[in-house]
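User: I am in my first year and would like a close look at one part of this protein model, namely its interior and the side-chain links around it. Please take me through it slowly, in connected prose.

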Amino acid sequence: MEDTQIIDLFFERSEQALRELDDKYGKAVRRTASNLLKLAQDAEECVSDTYLRVWNSIPPQRPDYLGGYVCRIARNLAISRLRFDHADKRASSLDVVLDELEACLPSPVDVESDYEARELAEAINRFLAGLSYDDRFVFVRRYWFADSVKAIARQLGKKEGSVSVRLFRLRNKLKNTLEKEGLLV
């Protein structure tokens, strides 16, 4: 079923919308949640919360890309759960992923306004747009979906070392790009 048809079902408040959403994007939502939340029970709760959040937000929202919209909600809910579960602790897999990017992204404390945050987001989007498909895939799978290096290597049919080196180079390239644009000091 097409995204527009599923969204129309949400506007009609038909429960079939949730079944169709799960059929089409359930695997991606579950993977997004389980990559961040290691306990299966937490991941399933996150999936349920995601569907509830989608149900409550459509309408009035009418997302252009339903898959990205749903996965973004799942990711944000999983991160919120991680923050809650690991308050005052440093042990989550997300911390490892974010630590890798720490050197090439400015601290949220340095971002004084929404305008500056939007500028940073636009710069990162331009950076991603300038990458090859494979580089963009590796970067997004690692830093958005929090896939392990091993999983990314398996998906690409590459060695883990090759993917690690690629990620290192991409982080350096992002850091240089942000420095040139004056977004990283």
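What follows is a walk through the buried parts of the model and the contacts around them.

Analyst: Please keep in mind throughout that this is a predicted model, and that every value below was computed from it.

A good place to begin is the largest nonpolar core, which has 30 residues, and in which F10, L21, V29, V54, I58 and L66 touch the most other members. The elements that give two or more residues to this core are α1, α2, α3 and α4, and the largest share, 10 residues, comes from α4. If you want one residue from which to explore this core, L66 is a convenient choice, since its contacts can be listed: setting aside residues up to four places away in sequence, L66 touches D3, I6, I7, L21, Y25 and I58.

One name on that list, D3, deserves a closer look. D3 is found in helix α1, which covers residues 3–11, and D3 counts as buried because its relative accessibility is 12%, where buried means under 20%. Its side chain reaches the backbone nitrogen of L66 at 3.4 Å. When neighbours within four places in sequence are left aside, D3 is in contact with K24, Y25, Y65, L66 and G67. D3 and L66 can therefore be followed from either side, as L66 touches D3 in its own list of contacts.

Another residue in the list for L66 is I58, and I58 leads on to an unusual stretch of backbone. The peptide bond from I58 to P59 is cis, with omega near -10°, and a cis peptide bond also joins P59 and P60, where omega is about 15°. The place of P59 is in the loop between α3, residues 40–57, and α4, residues 66–85, and P60 is found in that loop between α3 and α4 as well.

The loop between α1 and α2, where R13 is found, offers a backbone feature of another kind. R13 has a positive phi of about 60° although it is not a glycine, and it is partly exposed, with a relative accessible area of 34%. The charged end of R13 sits over the ring of W55, 4.0 Å from the centre of that ring. A similar arrangement involves R62 and F11, where the charged end of R62 sits over the ring of F11, 4.2 Å from its centre.

From here we can turn to the other core. A second, separate core of 17 residues includes Y143, V163, L174 and L178. Y143 also belongs to an aromatic cluster, which it forms with F127 and F139, and the structure holds five aromatic pairs.

Charged side chains make up the next part of the picture. Side chains of opposite charge can pair when their charged atoms come close. The structure holds nine salt bridges. One of them joins E181 and R126, whose side chains meet at 2.5 Å, taken from N to O. This pair links distant parts of the chain, with E181 in the segment after α9 (160–180) and R126 in helix α6 (residues 114–129), 55 residues apart. E181 is partly exposed, with a relative accessible area of 37%, and R126 is partly exposed too, with 43%.

A further salt bridge is formed by R166 and D135, with the closest N and O atoms 3.1 Å apart. R166 lies in helix α9 and D135 in helix α7, so this pair ties together parts that are 31 residues apart in sequence. R166 is partly exposed, at a relative accessible area of 23%.

The salt bridge between R141 and D147, by contrast, has buried partners: its closest N and O atoms are 2.7 Å apart, R141 counts as buried at 9% relative accessibility, and D147 counts as buried at 2%. A residue to look at alongside this bridge is A146, whose place is in the loop between α7 (133–143) and α8 (149–156). Phi of A146 is near 60°, a positive value in a residue other than glycine, and A146 is buried, with a relative accessible area of 10%. Finally, salt bridges can also be joined into a network, and here D22, R30 and E44 are linked in this way.

Conventions:
Residues are numbered from 1 along each chain as its sequence is written. This is a predicted model: local features need pLDDT of at least 70, side-chain atom pairs count only at pLDDT 80 or more; totals for chains, interfaces and linings use all residues. Side-chain values use heavy atoms; hydrogens and water are left out. Rings of Phe, Tyr and Trp (its six-membered ring) pair if their centres lie within 6.5 Å; planes under 30 degrees apart count as stacked, over 60 as edge-to-face and the rest as tilted. A charge sits over a ring if NZ of Lys or CZ of Arg is within 6 Å of the ring centre and within 35 degrees of the ring normal. Helices (H or I, at least four residues) and strands (E, at least two) are DSSP runs, numbered from the N terminus. Buried means under 20% relative accessible area, exposed over 50%, partly exposed in between (1.4 Å probe, protein chains only). A polar contact is a pair of N or O atoms within 3.5 Å; within protein, one must be able to donate a hydrogen and the other to accept it, and residues adjacent in sequence count only if both atoms are side-chain atoms. Contact means heavy atoms within 4.5 Å. A salt bridge is a side-chain nitrogen of Lys or Arg within 4 Å of a carboxyl oxygen of Asp or Glu. A nonpolar core is a set of buried Ala, Val, Leu, Ile, Met, Phe, Trp, Tyr and Cys residues joined through side-chain atoms within 4.5 Å.
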